[in-house]
Amino acid sequence: MSTTPYHTAVLCEASLDLLVTTPAGLYVDVTMGGGGHSRALLDRLSSEGRCIGLDQDPDAVANAPEDGRYHFLAANFRYLSHWLDYWGVEGQVDGILADLGVSSHHFDSEERGFSFRYEESMPDMRMNSRAGRTARDLLLNYSEEQLADILYYYGELHDARRIAGLVVSHRATGFPTISSLMEALAPVLPKGGPQLRNKLSRIFQALRIEVNDELGALRQLLTDSVRLLKPGGRLAIISYHSLEDRMVKDFFRLGGFEQPADGLMGMPQLQQRVAPLRAITRKAITPSAEEIADNNRARSAKLRVAELRNADGE
Ligand SMILES: C[S@@+](CC[C@H](N)C(=O)[O-])C[C@H]1O[C@@H](n2cnc3c(N)ncnc32)[C@H](O)[C@@H]1O
């Protein structure tokens with residue numbers, strides 16, 4: 001049996017210090033993962049408090065805290081409002097926590113195809129391994145232009161067009177393994193060292209964000225949070241990518257989204273005179289050097305927290 005930890009919770013104390021204002025309240029951890037944040041959250045709740053945990057990855061269920069105050073739901077958080085509506089608790093939530101992206105478990109599980117360390121794996125990258133398209137499906141079916149857009153916007157790769165061209169011209173291989181993809185991309189890959197790792201990380205990150213529609217799910221969560229929280233209720237989001245952090249920051253400031261303009265996603269735009277959420281973190285909170293030394297995967301984390309205004313906009 002593997003002894004690798006499922007995941008180490010990032011910015012755990014900092015996020016919960018700002019999120020939990022009502023120990024007897026109702027909280028939702030929409031990205032339960034290894035359950036680190038959920039367990040620490042339960043520690044702060046009284047016997048009347050309740051917490052709902054979500055994760056779209058079926059592997060996560062084994063980590064759900066065994067606690068009468070906790071209820072786990074194997075679901076994508078983009079459907080959170082359907083569930084809360086069904087249970088009749090829309091507008092009654094004291095706090096929502098989202099710790100975005102993938103868990104260490106995803107990177108460390110060979111068969112899940114998230115990591116270029118496992119060259120013989122199929123490029124899969126689905127967080128919900130029971131549904132949806134794999135990264136291989138995208139590589140084989142997206143147009144060259146779609147692939148280039150994804151690589152450029154989600155991977156911030158300036159040679160996105162060249163990479164997309166190489167993918168399309170090597171489709172006959174069927175990309176059965178990560179090594180077959182790396183062979184196709186050899187002309188644009190640095191020879192080794194940190195530059196190679198950096199480039200592969202960006203390519204893999206771009207594919208993963210698209211496979212899981214990570215920005216679409218975040219956009220839905222931000223929009224829905226306004227209906228789900230009670231006045232004074234808080235939304236805490238830990239993000240790991242500048243696009244996510246910008247969406248969160250701008251949504252807190254502007255309170256709505258324009259329609260997607262260029263086919264990828266709509267950025268937040270002013271929808272009403274007063275944005276419904278008020279940021280209570282002026283700047284994003286980042287992990288200490290000590291936390292990063294203990295857990296390298298914390299290095300790009302940014303935490304932002306906002307509070308739902310009441311009907312008077314206060
Ligand atoms: C960074 S980990 C969270 C780790 C967790 N905070 C902990 O303490 O272990 C992100 C988790 O969120 C899940 N996830 C990501 N996007 C999701 C979505 N749209 N809906 C539900 N779960 C999602 C992933 O499967 C992963 O387990």
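In the predicted model, the second largest cavity has a volume of about 40 Å³. Its lining consists of Leu139, Leu147, Leu151, Ile163, Ala164, Val167, Leu181, Ile203 and Leu207. Classified by side chain, these comprise nine nonpolar residues, with no polar and no charged residues. At least two lining residues are supplied by each of helix 6 (144–155), helix 7 (160–169) and helix 9 (193–211). The greatest contribution to the lining of this second largest cavity comes from helix 7, which provides three residues.

Two cavities of 30 Å³ or more are present in the structure. The largest cavity has a volume of about 370 Å³ and is lined by 30 residues. Of these, Thr31, Asp55, Asp99, Leu100 and Gly101 lie nearest the centre of the largest cavity. The lining of the largest cavity is mixed in character, with twelve nonpolar, 14 polar and four charged residues. Helix 2 (36–44) and helix 10 (214–228) each contribute at least two residues to the lining of the largest cavity.

The strands considered here form an open sheet of seven, arranged in the order 3-2-1-4-5-7-6 with mixed pairing. Strand 3 (70–73) and strand 6 (277–279) are the edge strands, each pairing on one side only. On average, and with direction ignored, neighbouring strands of this sheet are turned by 20° against each other. Within the sheet, strand 5 (residues 229–239) and strand 7 (residues 302–308) run antiparallel and are joined by six bridges. In this pairing, arginine 234 is placed opposite glutamate 307 of strand 7.

Two helices that pack on the sheet were examined further. Helix 1 (residues 12–19) packs on the sheet through contacts with strand 1 (26–29), strand 4 (93–99), strand 5 and strand 7. The direction of helix 1 makes about 160° with that of strand 4. Helix 2 also packs on the sheet, where it touches strand 1, strand 2 (50–54), strand 3, strand 4 and strand 5. The direction of helix 2 makes about 165° with that of strand 1. Helix 2 thus appears in two settings, both packed on the sheet and as a supplier of at least two residues to the lining of the largest cavity.

Definitions and conventions: Residues numbered from 1 in each chain as written. Predicted model: local features only at pLDDT ≥ 70, side-chain atom pairs only at ≥ 80, totals over all residues. Heavy atoms only, no water. 1 Å grid on protein atoms, 1.4 Å probe; cavity = no way out; pocket = protein on both sides within 12 Å on 5 of 7 lines; lining within 4 Å. Points joined across faces, edges and corners; volume = space filled by probe spheres on them. Helix = DSSP H or I, 4+ residues; strand = E, 2+ residues; numbered from the N terminus. Nonpolar A, V, L, I, M, F, W, Y, C, P; charged D, E, K, R; others polar. Pairing = 2+ DSSP bridges. Axes fitted to C-alpha atoms, helices over the stretch in contact; angles between N-to-C directions. Contact = heavy atoms within 4.5 Å.
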